[in-house]
Amino acid sequence: MAFAPKARNTRLPPEVNRVLYVRNLPFNISADEMYDIFGKYGALRQVRLGNTKDTRGTAFVIYEDIYDAKTAVDHLSGFNVANRYLIVLYYQQAKLSKKSDQKRKDEDLRKVQEKYGVDGSATPR
C-alpha cells in the first residue's frame, strides 16, 4: 500500500530525486527488512546496503517514482529502527564527490610530506 501525494503535478525542489541515502542504520539490518520499511511508500527499484567498514550503517534506496521517494523521506526521516533514528536524505552526487575529492587531496599531501620529510606544520621564518 503506497501513500499517494495529494497532487502529482506539484513542483518539487531541485534536490528531490529517486535515490535516497540512508544513514544511522543498525549494522545487522537485512535487505529484506529495508524492503519492508521503505516498500510501504512505493515500488522500489533497488536497495544497496553498505558492507565495508566505512559504509556500514548506510544504504542507498532507489524508488521507481520520484513522488514515492519524497513521501518516504517525509515519513522516514527520524524513524526509529532498533533504537536508532534514521537519517534519510536525497542522494546528491556533487556533495559526496567533494568529500571524496578532499580525502584524496589530503592523502596525496600526506604522501608528498612523507616523501620530502616535512611534517606539514608551518614554521616561522
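Let's start with what covers the buried residues of helix 1: the cover includes strand 1 (19-23), strand 2 (44-49), strand 3 (59-63), helix 2 (66-76), strand 4 (80-81) and strand 6 (87-90). Please keep in mind, as we go, that this is a predicted model.

So which residues of helix 1 are buried? Helix 1 covers residues 31-38, and the buried ones there are Met34, Ile37 and Phe38. Looking down the axis of helix 1, you'd find its buried residues within an arc of 80 degrees, so they line one face of the helix. Turn to the other side of helix 1 and you meet Asp32 and Asp36, which are exposed. If you have the structure open, try that view.

Next, strand 3, which we just met as part of that cover. Four of its five residues are buried, so strand 3 is largely enclosed by the rest of the structure. Who are its partners? Strand 1 pairs with strand 3 in the antiparallel sense, over four bridges. Within strand 3, Ile62 is the residue that stands opposite Val19. Strand 2 also pairs with strand 3, again antiparallel, this time over five bridges. Here, Leu44 has Tyr63 of strand 3 as its bridge partner. A reminder for anyone tracing side chains on the screen: in a regular strand they alternate between the two faces of the sheet.

On to the charged residues. How many salt bridges does a search of the whole structure find? The count is four, and I'll walk you through some of them. The background is familiar: side chains of opposite charge can pair when their charged atoms come close.

One of them is in helix 2, where the side chains of Lys70 and Asp74 meet, at 3.0 Å from N to O. Asp74 and Lys70 are four residues apart in helix 2, which puts about one helical turn between them. How open are these two to the outside? Asp74 is partly exposed, because its relative accessibility is 49%. Lys70 is partly exposed as well, at 26% relative accessibility.

Now over to helix 3, residues 93-116, and to Arg110 in particular. Arg110 makes a salt bridge with Glu107, and their closest N and O atoms are 2.3 Å apart. Arg110 also meets Glu114 in a salt bridge, with 2.3 Å from N to O. Together, then, Glu107, Arg110 and Glu114 are linked in a network of salt bridges.

How does the spacing work out along the helix? Glu107 and Arg110 are three residues apart, about one turn of the helix. Glu114 and Arg110 are four residues apart, also about one turn. The general rule helps here: an α-helix has 3.6 residues a turn, so residues three or four places apart point the same way.

As for exposure, Arg110 is partly exposed, with a relative accessible area of 34%, and Glu107 is partly exposed, also with 34%. Glu114 has a relative accessible area of 55%, so it counts as exposed.

While we're in helix 3, let me point out Tyr116, which is found there too. Tyr116 is exposed, with a relative accessible area of 58%. Along with Val112 and Val118, Tyr116 makes a nonpolar surface patch of about 310 Å².

Last stop: the backbone, and a couple of asparagines. Most residues other than glycine have a negative phi, and most peptide bonds are trans. Asn24 has a positive phi of about 65 degrees, although it is not a glycine. Where is Asn24 found? It is in the loop between strand 1 and helix 1. Asn24 counts as partly exposed, because its relative accessibility is 27%.

Asn83 has a positive phi too, of about 60 degrees, and it is not a glycine either. The loop that holds Asn83 runs between strand 4 and strand 5 (84-85). Is Asn83 buried or exposed? With 72% relative accessibility, Asn83 counts as exposed.

To wrap up, here are some things to look for when you turn the model yourselves. Find the face of helix 1 lined by its buried residues, then strand 3, largely enclosed by the rest of the structure. After that, look for the salt-bridge network of Glu107, Arg110 and Glu114, and finish at the nonpolar patch of Val112, Tyr116 and Val118. Thanks, everyone!

Notes: Residues numbered from 1 in each chain as written. Predicted model: local features only at pLDDT ≥ 70, side-chain atom pairs only at ≥ 80, totals over all residues. Heavy atoms only, no water. Buried < 20%, exposed > 50% of the residue type's maximum accessible area, 1.4 Å probe, protein only. Helix = DSSP H or I, 4+ residues; strand = E, 2+ residues; numbered from the N terminus. Arc of directions from axis to C-beta. Contact = heavy atoms within 4.5 Å. Pairing = 2+ DSSP bridges. Patch = residues over 30% accessible without salt bridge, like charges linked within 9 Å, V, L, I, M, F, W, Y side chains within 5 Å. Areas by Shrake-Rupley, 256 points an atom, 1.4 Å probe, with all protein chains shown as cover.
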